[in-house]
There are 2 protein chains.
Amino acid sequence: MLADAYTRIKAIQAEARAVGEQGWEGPRPRWPLIVLRTPKGWTGPETIDGVQVTGTWRSHQVPLSGVKGNPEHLALLDTWMKTYRPDELFDESGAPVDLVRAANPSGDLRMSASPHANGGVRLQGSPDAGDGLHVPLDIPDFRDFARDVPAPASVRAESTRALGEMMRELYVRNPESFRLFCPDETNSNRLGAVFEVSDRMTAERVEAGDVLLSRHGRVMEVLSEHNCHGWLEGYNLTGRHGLFATYEAFAMVSASMTVQHGKWLEEARHLPWRARVPSLNILLTSTAWRNDHNGFSHQGPGLIQTVLTARGEVARIYLPPDANCLLSVADHCFRSTSYVNLIVIDKQPQPQWLTMDEAVKHCAIGAGTWEWAGNDDGSADPDIVLGCAGDVVTMETVAAAQILKDKLPQLRVRVVNVVDLMALSRPRNHPHGMDGVRFAELFTNTVDVVFAFHGYHGAIHQLVHGRPDADRFHVRGFSEEGTTTTPFDMVVRNGVDRYHLVMDAINNSKRQVPGASDLKAWCQSQLDRHHAYIVEHLEDMPEVRDWLITTEDETV
Amino acid sequence: MLADAYTRIKAIQAEARAVGEQGWEGPRPRWPLIVLRTPKGWTGPETIDGVQVTGTWRSHQVPLSGVKGNPEHLALLDTWMKTYRPDELFDESGAPVDLVRAANPSGDLRMSASPHANGGVRLQGSPDAGDGLHVPLDIPDFRDFARDVPAPASVRAESTRALGEMMRELYVRNPESFRLFCPDETNSNRLGAVFEVSDRMTAERVEAGDVLLSRHGRVMEVLSEHNCHGWLEGYNLTGRHGLFATYEAFAMVSASMTVQHGKWLEEARHLPWRARVPSLNILLTSTAWRNDHNGFSHQGPGLIQTVLTARGEVARIYLPPDANCLLSVADHCFRSTSYVNLIVIDKQPQPQWLTMDEAVKHCAIGAGTWEWAGNDDGSADPDIVLGCAGDVVTMETVAAAQILKDKLPQLRVRVVNVVDLMALSRPRNHPHGMDGVRFAELFTNTVDVVFAFHGYHGAIHQLVHGRPDADRFHVRGFSEEGTTTTPFDMVVRNGVDRYHLVMDAINNSKRQVPGASDLKAWCQSQLDRHHAYIVEHLEDMPEVRDWLITTEDETV
């Protein structure tokens, strides 16, 4: 029967592969599947205490309970176990006999040693080469896709488009080992450059009106976070590379998969024979702050909280503020192995801050002072530190600093941007954690910090716990205040807009500066104006909507 | 055609209901479903720029772009919009004409006002009675199911069994409006008392060997967290009551549903016409610390982190340490409306701490000092505070305090147990948040706190942020160190066992006490003994496995 099945499987395979060689134009190959039906609990006692067990749900429970005190059950267990004829299978020391060992596969035929199961083992040509299938990703120079940034916030761009262009080259250079997995529309996420070199994949019939859709396609697009997440996991575990790009709020749909894959990576690191596999790269785009059109259900940055619970040896969270930082971060993530890399950045047009050289330096250290954004010359502690992590809140922070520099120039303001969220951790909690000296260089040990965060404030609270006087961190973030409104109203509702940040800076700076009360009153009047303006015009005030740093305002 | 469909639906309904009246023994009723197929993008432009749009995926995108600058597109849009004949539908002021309004349903026929959609509106007999369907739950006195606790930790019990007994009475008293939803085995979660009064529900054929399974059954058991969670949501939203009981780690499977239901409740609270609905009650049992047999994949207390991100007006998290506290908490949750109540307690036999009277008081305040567990008489600040939240870590904390009292009696130790996790919040962040005076009464303003937490340490770090000198909270919790091992080894691996807690207490107490070094050495030797013992015996050391507070040790 086995031989018959084997022969038929071989025939089906040959037929399917012949279809493949015809250019995949024929009918969809139907791969064989062997279904073996057995009674549930087969080989166990048929009945126990007069009740049917084999073939019923009872055999899924503990079929024989209380064997220590019930001689009848013990006898049943004894009889059952002996049906396996242990005398023939084990020798006197309890070790399996040759007959048993002869059935063991050896070498790469062992289940976990198979090249597909230990997917990180390399194919060839490296110091740790093996008999595996893994080929390191051929990555183009990410600097080739840089955005030109003449001065901070002098131009806007859709940052994820740059990543799309980088992935287009990844597709070209790695035709067998790179894929993008996207439950939303790849185009809508501004990653559409990949379609210049790859179709979307389908296993079904391609119809006349279909565009960029074929069996050869390597962009995986289907509206199921579970499907896309699971596909990428399998792809990674077989040694290949990819990115899962999804709406931020809906990443929670597959949060348990993120958790469980992280656990797998955590455990695999402690098995010396397991080669490291490409990292699970997750891009959260279409974020809370720019789902003003989709509303409250689409506003939820919760996956950050979930990834924070994984061990420091696998969890990585990046919040690049612009395209050049995103490229630098993505390059790092694509090169890395055995991490869960979470990258959070929105897809809408947004100010660009750093040249590529600046971005590379900034991302390498993970967090840094943006001298041009503040007015702190480093000669003394500033009066207030404005911290930020995340694209939209970084814009609000820099805009707040511009207002303070313009209208309250005596107040010494420092702006610190954080790309690598884990840099805020203490080194004992995460390998990326800054040491105390570096932390103090950025945030001082005593000055209050108004920290504008992309996600829920609790994430920052837990990261800075144990830092000197952590209570001085006043975190503003997404506090579940959202609806269908304007982009700026989203930050206003959550108190993380430029005007609230200016007021927070004034309220928390230890030094009183003349004019502060007037500025607070002006901020409140701007908020009042905002509320009235959006009701009348259904869009944001021009000074907010079109905000960039103009030449006159520039303090670079 | 409509009339024909209506007539046929009526006939199908009548037939199905007749089957129901026969005692549900007949074939499964097949409810009608109307399928209307239309071309995608029907009524829109058939083709745009020479490309087919109607009936293709293109009509899901923005079908006409750039109408401001493209006169041809603008003309197409104009033609399209006019096919709806707005002149006939709106008057000169832009308001709908009578013809349109005549089609609007009124009263309870309006979609959101229907009794099933506004499920919190009451049926009758209360000050806020309406035309709704909601009947408040008839709750038995939870004290009737109390466990007898002669002295703290003098007895063990499976705490969830008491909840099962309480739910049995809920089923009896509320035959139309209470259900338990359980993706695992209700019996395995020790909630099986409900089967004394209800079968499991099935819509399929009942076979000869099936037990406690019928169409009349009201216990909802199917191995799908999504199904069970969604069923309970729908049940709550139609005004009825229930509990979703699941493995702690697998609650992450439906985490996005918890988040989205929380968002719905958050928004519904701001709509004056929406009546409050029964709370979404989630019981996490089979917890991380007692999945020593199932291993690392089953060890994940992450849902706490997720619920912490919801607004204070809906999020509630309870960690009752024993059966009597669980009953008190459950009573509160079943009475509450429009919350997400998360209750975390394991199902395995565990020490019982409080009499019912003590439990009621303890749960009402949410957190309290257990004088009997420490040796702090309140006359001065203690040398160290041992905080705890969660059943297993509470046992480790009390055991650590016992060791300290016994072997280092000069050290003044206070034990504080937290049932209502949100009590740790500042009042500005959560309505349950303790004020500063109460917080200081428990934790002082200056003494270090070794806090043993059921979940990830970041949860406590974020909750105590902003409390006086929050850095003095040294939190031990689940740090992703797990495997298949013994129960006590689970806490040892994560450093939250009694011996580590004693060493932590000594290391963090400001006052040096003679004998501390010797006690630390003894703790280390106990840990060494533990490691050797479990390898040899495959179970925990007797003094740990059988730990209870005996009469000799009692300091009550």
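Which residues does V222(A) touch, not counting residues up to four places away in sequence? There are five names to look for: C182(A), P183(A), N227(A), C228(A) and W231(A). Before going on, a caution: this is a predicted model.

Let's stay with V222(A) for a moment. You will find V222(A) in the loop between β7 (219-221) and α6 (225-237) of chain A. Is V222(A) buried or exposed? Neither, quite: V222(A) counts as partly exposed, because its relative accessibility is 29%. Now look across to E266(A). In sequence, V222(A) and E266(A) are 44 residues apart. In space, their C-alpha atoms are 29 Å apart.

Next, the two chains. Chain A superposes on chain B by a rotation of 180°, with 0.1 Å of shift along the axis. The RMSD is 0.1 Å. That is the relation of a two-fold axis. Which residue of chain A comes closest to this axis? Q462(A) does, with its C-alpha at 2.4 Å. And the interface? Of the interface residues of chain A, 100% are also interface residues in chain B, so the copies meet through the same surface.

On to the core. In soluble globular proteins, nonpolar side chains tend to be buried together. Here the largest nonpolar core has 99 residues. Which members touch the most others? They are F443(A), F451(A), F443(B) and F451(B). Take F443(B) as the example. Leaving out residues up to four places away in sequence, F443(B) touches V385(B), R414(B), V416(B), V418(B), L424(B), M434(B), V449(B), F451(B), R472(B) and F473(B). Note that F451(B) is on that list.

Now the aromatic rings. A pair of rings is described by the distance of the centres and the angle of the planes. How many aromatic pairs are there over all chains? The count comes to 32. Start with W370(A) and W372(A). Their ring centres are 5.1 Å apart and their planes are at 25°, so this pair is stacked. Both W370(A) and W372(A) are buried. The two also belong to one aromatic cluster, together with W353(A) and W547(A).

For an edge-to-face pair, go to Y499(B) and W522(B). Centre to centre, that is 5.8 Å, with 75° between the planes. This pair links distant parts of the chain, 23 residues apart. Y499(B) is in helix α15 (residues 498-508) of chain B, and W522(B) is in helix α16 (residues 516-537) of chain B. Their exposure? Y499(B) is buried, at a relative accessible area of 3%. W522(B) is partly exposed, at 28%.

Rings meet charges too. R276(B) lies over the face of Y339(B), 5.6 Å from the ring centre. R467(B) puts its charged end over the ring of F439(B), 4.1 Å from the centre.

Last topic: cysteines. How many disulfides does the structure hold over all chains? Zero. Why is C325(A) not bonded to C363(A)? C363(A) has the closest cysteine sulfur, but that sulfur is 3.9 Å from the one in C325(A), too far for a bond. The cut-off for a disulfide is 2.5 Å. C325(A) is buried, with a relative accessible area of 0%. In chain B, C388(B) is in no disulfide either. Its nearest cysteine sulfur, in C325(B), is 11 Å away. C388(B) counts as buried as well, at 0% relative accessibility.

That's the tour. Thank you.

Conventions
Residues are numbered from 1 along each chain as its sequence is written. Chains are lettered from A and ligands numbered from 1 in the order in which they are written. This is a predicted model: local features need pLDDT of at least 70, side-chain atom pairs count only at pLDDT 80 or more; totals for chains, interfaces and linings use all residues. Side-chain values use heavy atoms; hydrogens and water are left out. A nonpolar core is a set of buried Ala, Val, Leu, Ile, Met, Phe, Trp, Tyr and Cys residues joined through side-chain atoms within 4.5 Å. Buried means under 20% relative accessible area, exposed over 50%, partly exposed in between (1.4 Å probe, protein chains only). Contact means heavy atoms within 4.5 Å. Rings of Phe, Tyr and Trp (its six-membered ring) pair if their centres lie within 6.5 Å; planes under 30 degrees apart count as stacked, over 60 as edge-to-face and the rest as tilted. Helices (H or I, at least four residues) and strands (E, at least two) are DSSP runs, numbered from the N terminus. A charge sits over a ring if NZ of Lys or CZ of Arg is within 6 Å of the ring centre and within 35 degrees of the ring normal. Copies are superposed by least squares on the C-alpha atoms of residues with pLDDT of at least 70 in both.
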